[in-house]
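Biologist: Could you walk me through one part of this model in close detail? I would like to see how the metal site is built and what surrounds it.

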Amino acid sequence: MKKCAGFLIALMVLLVASMGHANGDLHPAGCSVDNAWIREAPPVARALAGFMTIRNPADTGQLLLGAESVVFEKIEMHRTVMEDGLAKMVRQETVEVPANGRVEFAPGGLHLMLINPGQRLKAGDTVRVTLKFKGGKRIPAEFTVRPADTPKHHH
Ligand SMILES: [Cu+2]
C-alpha cells in the first residue's frame, strides 16, 4: 500500500508540474479589476449599478460569465443601449475581455446590475463581488459605494 501511495503522489506532482507549464490556454491568466464602484441609490432601490475596468494582460481573450456577492440576491450583466431616444437595458450572458485589452463597465454602457441588496449601502461602504470567468477562474473585487451624483455620461 505504501508503494502505491508513493506512486500516486509522484503522479500528482507530475500532473501539477505539467499544469504549471501550460501556456495559458487551460487556465485564464489573471485579469485584473480596478476602479470598481457602485452607484449609491435610495434605500427603496431594488437594484444598484456597479462599474469597473477589467484588464486582460494575456494573449488570449477571457470570457466573463457573471458575478456573485453575498450582499446581493443576484447579479446580472447589462448594457444600456439607446432605442428610439430611450435608454434600455439589455442583459448580456457573457462579456469578452479581449487579449491584451480591457473592458469598461461605465455609466451609459455596460454595468453590473446588483439585484436585491440585503443591506443598506451608503457612500464609502465597500462590497466584495466575485467575477466568474469561463474555465473556472474567479476574481474577487472590492467595490466602493459612491454618491449617486457621480456624473453620468450621455452622448
Ligand atoms: Cu441594468
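Modeller: Happy to; here is the copper site, followed by one of its neighbours. This is a predicted model, in which local features need pLDDT of at least 70, side-chain atom pairs count only at pLDDT 80 or more, and totals for chains, interfaces and linings use all residues. Residues are numbered from 1 along each chain as its sequence is written, and side-chain values use heavy atoms, with hydrogens and water left out.

The copper ion is held by H78 (ND1), M89 (SD), H111 (NE2) and M113 (SD), at 2.1 to 2.3 Å. Donors here are N, O and S atoms within 2.8 Å of the metal (3.2 Å for Na, K and Ca); water is not among the atoms, so sites may look incomplete. The angles between the 4 donor atoms run from 91 to 118°, which makes the arrangement tetrahedral; for four donors, that term requires all angles to lie between 85 and 135 degrees. Along the sequence, the donor residues follow the spacing H-x10-M-x21-H-x1-M. H78 sits in strand β4 and H111 in strand β8 (residues 110–117), so the pair ties together parts that are 33 residues apart in sequence. Strands are DSSP runs (E, at least two residues), numbered from the N terminus.

Both H78 and H111 are buried, meaning under 20% relative accessible area with a 1.4 Å probe, protein chains only. Now look at E76, which lies in strand β4 (residues 72–83) and is buried too, at 11%. Its side chain makes a polar contact of 2.7 Å with that of H78, and another of 3.3 Å with the side chain of K74. Such a contact is a pair of N or O atoms within 3.5 Å; within protein, one must be able to donate a hydrogen and the other to accept it, and residues adjacent in sequence count only if both atoms are side-chain atoms. Leaving out residues up to four places away in sequence, E76 touches R91, H111, L112, M113 and I115, where touching means heavy atoms within 4.5 Å.

Definitions and conventions: Helix = DSSP H or I, 4+ residues; strand = E, 2+ residues; numbered from the N terminus. Buried < 20%, exposed > 50% of the residue type's maximum accessible area, 1.4 Å probe, protein only. Tetrahedral: all angles 85-135°; square planar, octahedral: opposite > 155°, others 65-115°.
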